[in-house]
Amino acid sequence: MKKTLLGMAALALLFTSCNDDQNEVSNTDQSKVDMSDFYLYTDADTDEASRISEGNSKACYSMVNLNRLLNENPSLEKEMYNIEYHSRATIAAKKPDGAGNGNGNGNGGGSGGDGGSGDDNLGIINIPVYVHVVYSNSNENISDNQINSQIDVLNEDFRATNSDASQVPTEFAGLVADSEITFSLAGVFRHSNSRTSWGTNDLVKSTYPPITPETHLNIWVCNIGGGILGYAQFPGGPTATDGVVVGPNFFGTTGYLSAPFDEGRTTTHEVGHYLNLRHIWGDGRCRQDDFVSDTPSSDGPNYGCPSYPTVNCRSNDMTMNYMDYVDDACMYMFTEGQKSRMRSIFASGGPRSAMVN
C-alpha cells in the first residue's frame, strides 16, 4: 500500500510539472475568482424587438443569438461558464499584489476585467480575417476598397490610433486602451445568391461555412434584414458558426454605406463580442454587470450622439465606448479592463489561444 501511495505521488508530481500554464490559473487564490455575478441568458429577445419597433435605428443581435444558441446547445452554458472562470482567473493571476477585485458596476462581485492587470506576455496579437461577401445585387457586392477600409478601422480602433480618441472626456481619458490586437486580411470570398435577407439564425454561415475558424476570424457581409446591423458569436459557441455577420452598408468607410453607421464601428462592436465583451450596460438594469471593472454602470443603451455628461445609475455613462449603441462618429474607445478581458481568451487554455499558439 505504501509503495502504491508513493507511486501515485510520483505520478501526480510528473503531471504537475507538465502543466505549468494550467497551474498558474488553477492555483489562483479562489477568493480572486468570484463568479457570483455571472449570467448568460438575458431579455435581449424582447428588448431588441421593442427597440426596433420604437424606431431606434441601431440593433445588434449578438445577445439574442446567444439566447438561441443556449437553447439549442445544452452544453454551451457550462462551456461558457468555464471560459468566464478561465478569463477571470487569468486576469487575477496577472494582477499586481493588492489590486482591487470589484467589477465597478455596483454589485460587488466578479473580477472579470481590471485595468493594470499586468503583462500577459502575449505581445501583439494578430488575427487573420476571412471576409465572405454574400450578395443579391451589385450594391451588396462591396468593393475590395470597402473591405480594406474596414480592416483599417479595426486596426485603428483596437490599437487606439483612431483620431477621434482625442474626444474622450477627461473623466475617462486615462482608461483609453490600446488592446495590442491587430487584424490582417487573409482572403475574400464572393458568393452570389438570390436570397435578399439572411436573418440571425446563422443560415448564411451554414450556406457558406467558416474557414479554419480556430485560427481565423470569419466575417460574413450580407443583408441581415429587420433593421439589424450585425451580430457575433461569443467564444465557446459551435465552431461551425463561429464569427461575425455585418450588413454590407454598415461595413467599412467607403462605398455602399448608410449613415450614421458609416465609419466601420458596427464591425468594431461585433468583433468586441467575438472577443468576449458584453454590451457596456450589461443587457440589464443598473446592477447587471458587463464583467469589466472600469466601465460605469448604466441601465440601457445610448443612441445618437449623447451629450456629456449623460447620467444613469448615479454615474456618468461611458457613451463613447464601442460596446454602446451610439452613432459611429460618437464611439471611440475601449477601456483597460476591456483590453484585459479580450486578451485573456488568447491565454493558454483560453478559447482563442490557437490564434497565438
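**Exercise 1. Determine which residue forms a salt bridge with Arg265, and where the two partners lie.**

Solution. In this predicted model, Arg265 pairs with Asp164 in a salt bridge whose closest N and O atoms are 3.0 Å apart. Next, place the partners: Arg265 belongs to helix H9, while Asp164 sits in the loop between H6 and helix H7 (170-173), so the pair ties together parts that are 101 residues apart in sequence. Finally, consider accessibility: Arg265 and Asp164 are both buried.

**Exercise 2. State which salt bridge involves Arg68, and describe the helix that carries Arg68.**

Solution. The side chain of Arg68 meets that of Asp202 in a salt bridge (2.8 Å, N to O). Arg68 is in helix H4 and Asp202 in the loop between E2 and helix H8 (203-207); the pair therefore ties together parts that are 134 residues apart in sequence. Both Asp202 and Arg68 are buried.

Now turn to the helix. Nine of the eleven residues of H4 (residues 62-72) are buried, so H4 is largely enclosed by the rest of the structure. Among these buried residues are Met63, Leu66, Arg68 and Leu70. The buried residues of H4 pack against helix H3 (44-53), helix H5 (76-94), E4 and H9.

**Exercise 3. Establish the strand order of the five-stranded open sheet and identify its edges.**

Solution. The order is E2-E1-E3-E5-E4, with mixed pairing. E2 and strand E4 (230-232) each have a single partner strand, so they stand at the edges and one side of each is left without a neighbour in the sheet. On average, neighbouring strands are turned by 15° against each other, direction ignored.

Inside the sheet, E1 and E3 run parallel and are joined by five bridges. Tyr130 has Asn218 of E3 as its bridge partner. H9 lies across E2, E3, E4 and E5, at about 20° to E4.

**Exercise 4. Describe the largest nonpolar core and the surroundings of Phe183.**

Solution. This core has 46 residues, and those with the most contacts inside it are Ile127, Phe183, Leu217 and Leu275. Elements giving two or more residues to the core include strand E1 (125-135), helix H6 (144-158), strand E2 (181-192) and helix H9 (265-274). The most, five residues, come from E1.

For Phe183, residues up to four places away in sequence are not counted; the residues touched then include Ile127, Val129, Ile151, Leu154, Phe158, Leu217 and Val271. A second, separate core of 28 residues includes Phe38, Leu40, Val204 and Val245.

Terms used:
Residues are numbered from 1 along each chain as its sequence is written. This is a predicted model: local features need pLDDT of at least 70, side-chain atom pairs count only at pLDDT 80 or more; totals for chains, interfaces and linings use all residues. Side-chain values use heavy atoms; hydrogens and water are left out. A nonpolar core is a set of buried Ala, Val, Leu, Ile, Met, Phe, Trp, Tyr and Cys residues joined through side-chain atoms within 4.5 Å. Buried means under 20% relative accessible area, exposed over 50%, partly exposed in between (1.4 Å probe, protein chains only). Helices (H or I, at least four residues) and strands (E, at least two) are DSSP runs, numbered from the N terminus. Contact means heavy atoms within 4.5 Å. Two strands pair if DSSP finds at least two bridges between them. Axes are lines fitted to C-alpha atoms, for helices over the stretch in contact, and angles run from 0 to 180 degrees between N-to-C directions. A salt bridge is a side-chain nitrogen of Lys or Arg within 4 Å of a carboxyl oxygen of Asp or Glu.
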